[in-house]
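Q: Please take a close look at the second largest pocket of this model: where does it lie, and what lines it? I would also welcome some account of the sheets and of the segments annotated in the database record.

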Amino acid sequence: ARVTSSYINTFSNPLNLYLVVNEWKSLDVSGEASLPQDDSHPRDKDVTVTVYQITPQFSGSGKLFVNFTEILPIPSLRVILSHDIRPDFKVMMEKARNITNPKAGLTLSYSVEKEHTFLYIGILPGPEYSAGKSVRFSFKTSIVRCLIRSRHSVWVTGRCIVAYNTNATMVHCQCYMINFVGAEISVPVLHLSTVTNINYFRNREDNFLPPLCAIIIMFLFAAMFFWARSKEQYEHARDNVIVLEDNFPGEEWAYLVGVYTGCRFFSGTSSRVGVRLIGTFSSSRAHVLQCSRKKTMQSYSDDWFILFTTKHLGDIKKLHIWFNYSGRSPSWYCRKVVVYDCAAQKTYLFRLGVWFYVDQSSYLVELLMLPQPPQSHPFYHRLMDNLASGFQERHFLISMTHHHPRSFVSLTEKVAAFWATFSFVAFLLMLHYKYDGGIEDYYFYKLRFKDLVIATFTYGPAVLVSIVAHSLFRNKVNLLTSHNSVWNSVTRRLRQLEHNYEKAARNLGKKRMNNKNETFSTIGTIKDDERKEAETIYTSQQLPLSILDESLKHVHVYKRQLYIAWAIVLTAMGGFCFLIIIEGMGMA
């Protein structure tokens with residue numbers, strides 16, 4: 001035992017105390033119960049159950065005693081005592097205790113921790129009675145509490161409980177501390193509980209709630225779906241090479257500039273970015289990398305621009321890049337810049353990996369970079385790039401908020417995969433955590449082994465559904481690529497971006513560069529469909545970025561995989577909504 005200065009505070013085992021009863025107070029109750037017909041409506045059967053409701057007058061623990069004195073005409077009765085759950089006909093038939101002794105007694109230990117706590121006594125005729133027959137009964141009921149005097153001279157029930165040997169002559173108390181101990185026998189406040197004030201979920205007033213929940217879920221899915229569709233339409237404009245608006249007429253040497261914004265928090269910028277190419281023969285004018293039709297330099301994205309020069313620059317020796325630090329998000333993290341010489345078919349790589357910024361103590365607003373040879377990145381950079389790419393493609397939320405326009409899985413398909421996984425998880429949880437008639441304490445939660453098992457059996461199938469749906473969406477295309485003709489196709493289309501179609505067709509022949517004898521051969525012949533495409537490109541002044549990605553040069557969509565993926569999504573959501581409705585209406 002644990003001892004304080006005034007009394008023994010805690011026992012490891014309870015101390016048994018027997019208190020003599022001076023007067024046992026009780027409430028006499030008489031009533032009648034009948035058994036309904038077998039074909040009666042479930043609500044009519046619940047009405048026939050005789051239920052008494054008791055309201056405890058004090059908080060803490062106690063024990064309800066019910067002692068029968070008479071059961072007529074046949075001593076057969078179904079009785080159940082419950083705490084906070086009003087028994088209905090189904091509970092009475094499954095869990096009630098059958099009494100054949102007219103002097104039988106029942107007890108119920110309870111603990112009152114909050115207001116509006118009730119005890120219930122449910123009574124029905126026993127198995128000896130047929131449908132439509134009634135039984136008369138009488139019983140006495142009392143509430144007994146064991147009390148102990150606290151250090152503040154207040155009688156409390158926290159450390160003492162009413163034990164099993166309590167009878168009309170003595171009260172058996174088990175206490176885990178010792179001080180002044182007493183017992184209280186009180187007459188409960190009891191009244192007959194009817195079903196007139198009980199709302200059934202199947203009635204006309206509450207029947208709309210389960211369908212309303214399903215409608216809200218479908219509405220959220222539809223809202224996210226149409227949001228994704230609208231964002232895809234905007235991103236379709238990003239999936240184009242931007243022909244810079246500050247190109248001058250007469251400039252016919254094309255350079256493709258790809259600017260990669262890094263994966264950092266707030267790495268995108270609202271500033272205007274300028275660039276100038278410096279070659280062995282000449283230098284380009286200063287160009288502003290912007291587009292009036294869409295935003296550029298967004299976080300973890302790549303933007304492609306075409307700038308023209310009056311003559312060939314030769315080998316690119318330097319890249320001059322700067323920004324003007326303006327707008328709401330002026331700082332910018334640039335990962336790298338790629339320059340492609342369309343005439344010479346050479347690629348130049350400039351790895352930056354720096355922040356352009358301005359603060360009180362330092363600043364970086366421009367750089368003069370030298371091209372670097374293609375080589376593998378350091379391990380840390382490769383790791384960060386792979387993590388960023390993985391999150392952008394496969395993470396549920398990040399893949400939707402930072403969707404790349406050229407992703408194999410469209411934004412609407414990512415939204416569908418997310419809702420399929422969410423619906424499947426909720427569906428399995430509803431099956432595992434079906435209400436079993438017990439009392440759940442939502443204020444105090446303990447992690448049980450049952451919860452770990454449920455989490456395992458829920459998470460595993462849900463992840464499998466997510467992987468299958470995402471894989472079907474991702475593998476819906478067959479990539480038929482031709483590596484040798486990718487940049488040739490780019491060059492052919494760039495030559496068609498001249499001031500008129502006739503000039504573009506003439507430039508497909510041989511050219512001389514800087515009065516040297518080096519020539520560029522025509523890459524194939526232009527077919528009629530390519531001539532129409534050249535006219536379209538010339539009119540729109542945009543070049544589809546998909547031709548720069550060799551994996552998207554020839555795409556064939558497998559509609560069967562696409563249909564299977566959407567069937568999985570709709571089945572998961574439909575099953576979840578259907579389970580909500582049938583569970584809410586009490587039909588499951």
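**The second largest pocket and its surroundings**

A: In this predicted model, the second largest pocket lies between domain 2 (205-240 + 405-435 + 446-509 + 548-587) and domain 3 (242-373), because both of these domains give residues to its lining. The volume of this pocket is about 1,100 Å³, and 40 residues line it, of which S267, Q298, S299, Y300 and H402 lie nearest its centre. By class, the lining is made up of 17 polar, 15 nonpolar and eight charged residues.

Turning to the helices, at least two residues of the lining are supplied by each of α3 (209-238), α4 (379-394) and α5 (398-401). Among the contributions to this lining, that of α4, at six residues, is the largest share.

The database record may be set beside this picture. An unreviewed UniProt entry lists residues 208-228, 415-433, 453-473 and 562-582 under "transmembrane region". In the model, the span 453-473 is 100% helix and 0% strand, with its end C-alpha atoms 31 Å apart; residues 562-582 are likewise 100% helix and 0% strand, and there the end C-alpha atoms are separated by 30 Å.

The strands can be taken sheet by sheet. One open sheet has five strands, which pair in the antiparallel sense and follow the order β8-β7-β10-β5-β16. Its edges are formed by β8 (97-99) and β16 (189-193), each of which pairs on one side only, and neighbouring strands of this sheet are turned against each other by 25° on average, direction ignored. Within this sheet, strand β5 (residues 50-55) runs antiparallel to β16 and is joined to it by five bridges; in one of these pairings, Q53 has H191 of β16 as its bridge partner.

Another open sheet has three strands in the order β3-β14-β13, again with antiparallel pairing. Here the edge strands are β3 (15-20) and β13 (160-162), each pairing on one side only, and the twist from one strand to the next averages 30°. Three bridges connect β13 with strand β14 (residues 170-175) in the antiparallel sense, and V162 finds its bridge partner in C173 of β14.

To return to the part you asked about, the pocket is placed between domain 2 and domain 3 by the residues that both give to its lining, while S267, Q298, S299, Y300 and H402 are the lining residues that lie nearest its centre.

Technical notes
Residues numbered from 1 in each chain as written. Predicted model: local features only at pLDDT ≥ 70, side-chain atom pairs only at ≥ 80, totals over all residues. Heavy atoms only, no water. 1 Å grid on protein atoms, 1.4 Å probe; cavity = no way out; pocket = protein on both sides within 12 Å on 5 of 7 lines; lining within 4 Å. Points joined across faces, edges and corners; volume = space filled by probe spheres on them. Helix = DSSP H or I, 4+ residues; strand = E, 2+ residues; numbered from the N terminus. Nonpolar A, V, L, I, M, F, W, Y, C, P; charged D, E, K, R; others polar. Domains from an automatic or database assignment. Pairing = 2+ DSSP bridges. Axes fitted to C-alpha atoms, helices over the stretch in contact; angles between N-to-C directions. UniProt positions renumbered as here; feature names shortened; annotations may be inferred.
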